[in-house]
Amino acid sequence: MAAATAVAEATVLRHRTWRSRVSVNNVTLGFSLAWLAVVVAAAALPGVLATDDATTLDPTRVLTAPGEQTLLGTDHYGRSVLTLLVHGARAALVIGLAATLLGMLIGSLVGLVAGYLGGAADMLLGRFVDILMCFPGVLLALVIASALGASTTNLIIAVGISAVPGFARVMRGQVLTIRGRLYVEAARSAGFAPGRVLMRHILPNSVAPTVVLATVTVGTSVVVAASLSFLGLGVRTEIPDWGQLLAMGQPYLAGAWWISTFPGIVLTLTVIAVSLAGDWLRDRLDVD
Amino acid sequence: MGFVIARRVLAGVPTLLGVTVLLFIALRLLPGDPIAALLGGASASPEVVENLRQQFGLDRSVPEQYWTFLTSALQLDLGTSYATRQPVTGMIAAQIGSTLQLAGAAALISAVTGITLGSLAAIKRNSWIDGLVRVLSLVNTSMPSFWVGLLLIMFFSFQLGLFPATGSGSLGQLVLPAATLGLAAAGTVTRLVRNSVIEVLGENFVTALHAKGLRGRVIVVKHVLRNAIIPTVTVVGLQLGGLVAGSVIVETVFSRRGIGQTLVQAIGGQDYPVVQGVVLVIAVIYIVINIVVDISYAYIDPRVRSVLAAS
């Protein structure tokens, strides 16, 4: 018996993805959470982390290298790159979180209904998700953002909708598994209404994979939003967001490498931190 | 087999129709005025504006416009650009070669990098090489492609002067964009190949080959990789469609010719026919590649063939 369990366990392990099997240790998790704390602090209280003004142009310190006058150098208007990065954190975080929430709500609802009802509803919703998935990568967000016009809300809608298919698929798959469990059958035969069975019994037992996906999606959403900004489809504000900052620095790459490099590093670190947190969560919640 | 192919192709038709409807709804029903974008703030009399609306067919109802678009698209006529007044089909035909070249080169880079690093990590499992590959793949999948592109420009164009930073046409100008796009996809392939090689290494036939006294390298190259490559073919194939879409960003970074550049410019000018045309072409490429991958999978793996034939 024990041997059989061990074999079964080994099979399960073998089919898990590589990253989830190498568990995130405390040190990496600590660094990730610390970095995310810094980003959140910058978004909440930019004035505390960056003391100088992000909007004043200073012709006396145009394109100075890191360490000369400011820690991370200045841009072609004489603004400190560090200050711009700190002030850009809020836009990145707000769009990343709000878009994930939107995608998760719509996607999970679609997946829940499709998985529970099955039949024609499942086929119809499945087709809808298939159609959304025919716009690979940033394409869907690109089309929606261009049709809606540039504003923070529209950017959230565009990025959020492009996250819908992922959530719908995960939730549908999970509901299909849970639907067949004995306790669901028991609840149903006890005469509970379908809505109650769905909300009280199926949903609570299906959320774990969605939570993991949501964590990772925050990172992807930040990147998709930055990509749209980089292409010039983002919100034009006085203070550039991270994507705009990267684009802004491109003409100065040969001389003033720091304008693009630091936003790139900050963006990458944020996505890595989010993704490691997601891995840790995957291990903790025991999601495949 | 012919039946399987036909069914798979037919299943793609409603999806494609859905794509056109969604595209049309997004562009026509959402706010945004292409005439205003075309005039670019210049004042124009109401007659001129009305005249333009009629010329572009924007005065007709949305279903009517959709029907015209659909019937012409079936005859490979994607309409006329608002901005350049050129046929969209011709504009795309002139640009797509450059994009396909980029996507193809990127897929090659992604496959070669992914298979090499993935199998290396699998063979040296739990060693420092495995750890290094894991970190690289994590960093790689976390880096937005435009940032990778700028990094490559910084090192290989400005520091080392090896490849030009922008433009298109020569082979040298293909290297950096293709590397940017290919590396963005390599992390996924690496992970997949590693898992797949580890799985095959645990199979009984590998033990048998070891027992037979075959050298480790021969076993890996001739027997393990052959079996581990099947899922990789699928992923690289599926990535190809994504790579065409990814060219939108990479072409912008490197000011490279292609449908991605065309799309970004058209979006800026709200040039509906061009946006529609390019997105439709990318979606069609994506769908066709999916079907081809599905079918080729059956050819590569006899087990799948029998399942497909039975269903």
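Me: Two residues are in contact if their C-beta atoms, placed from the backbone, lie within 7 Å. With that in hand, which residues of helix 7 and helix 8 of chain A meet?

Reply: This is a predicted model, and here is what meets in it. Helix 7 of chain A brings Leu140(A), Ala141(A), Ile144(A), Ala145(A) and Leu148(A). Across from them, helix 8 of chain A offers Asn154(A), Leu155(A), Ile157(A), Ala158(A), Val159(A), Ile161(A) and Ser162(A). By class, that contact has 10 nonpolar, 2 polar and no charged residues.

Me: Why are helix 7 and helix 8 of chain A called roughly antiparallel?

Reply: Check the angle. Helix 7 (residues 139-148) and helix 8 (residues 152-162) of chain A pack at about 155°, their axes 8 Å apart. Angles over 145 degrees count as roughly antiparallel, so this pair gets the label. As for handedness, helix 7 of chain A passes helix 8 of chain A in a right-handed crossing.

Me: And what makes helix 5 and helix 11 of chain B oblique?

Reply: Same kind of check. The axes of helix 5 (residues 88-123) and helix 11 (residues 259-268) of chain B cross at roughly 130° and come within 7 Å. Roughly perpendicular stops at 115 degrees and roughly antiparallel needs over 145, so oblique is what's left for these two. Helix 5 of chain B puts Met91(B), Ile92(B), Gln95(B), Ile96(B) and Thr99(B) into the contact, and helix 11 of chain B puts in Ile259(B), Gly260(B) and Thr262(B). That comes to 4 nonpolar, 4 polar and no charged residues.

Me: How do you know that helix 10 of chain B isn't straight?

Reply: Set its span against the expected one. With 38 residues at 1.5 Å a residue, a straight helix would span 56 Å. Helix 10 (residues 216-253) of chain B spans only 44 Å between its end C-alpha atoms. There's a bend, too: about 45° at Leu225(B). Just after helix 10 of chain B, Ser255(B) has a positive phi of about 45°.

Me: What makes chain B's pattern an unbroken run of α?

Reply: Count the elements: chain B has 13 helices and 0 strands. Read along the sequence, that gives α-α-α-α-α-α-α-α-α-α-α-α-α. The C-alpha trace of chain B spans about 85 × 60 × 30 Å along its principal axes.

Me: How many residues of chain A and chain B are in contact with each other?

Reply: 39 residues of chain A are in contact with 43 residues of chain B. On the chain A side, helix 6 (119-133), helix 7, helix 11 (194-230) and helix 13 (258-285) each supply at least two residues. That side divides into 25 nonpolar, 11 polar and 3 charged.

Conventions
Residues are numbered from 1 along each chain as its sequence is written. Chains are lettered from A and ligands numbered from 1 in the order in which they are written. This is a predicted model: local features need pLDDT of at least 70, side-chain atom pairs count only at pLDDT 80 or more; totals for chains, interfaces and linings use all residues. Helices (H or I, at least four residues) and strands (E, at least two) are DSSP runs, numbered from the N terminus. The expected span of a helix is 1.5 Å times one less than its number of residues. The bend at a residue is the angle between axes fitted to the seven residues ending there and the seven starting there. Axes are lines fitted to C-alpha atoms, for helices over the stretch in contact, and angles run from 0 to 180 degrees between N-to-C directions. Angles under 35 degrees count as roughly parallel, over 145 as roughly antiparallel, 65 to 115 as roughly perpendicular and the rest as oblique. A crossing is left-handed if the near helix is turned anticlockwise from the far one by less than a right angle, and right-handed if clockwise. Ala, Val, Leu, Ile, Met, Phe, Trp, Tyr, Cys and Pro count as nonpolar, Asp, Glu, Lys and Arg as charged, and the others, Gly among them, as polar.
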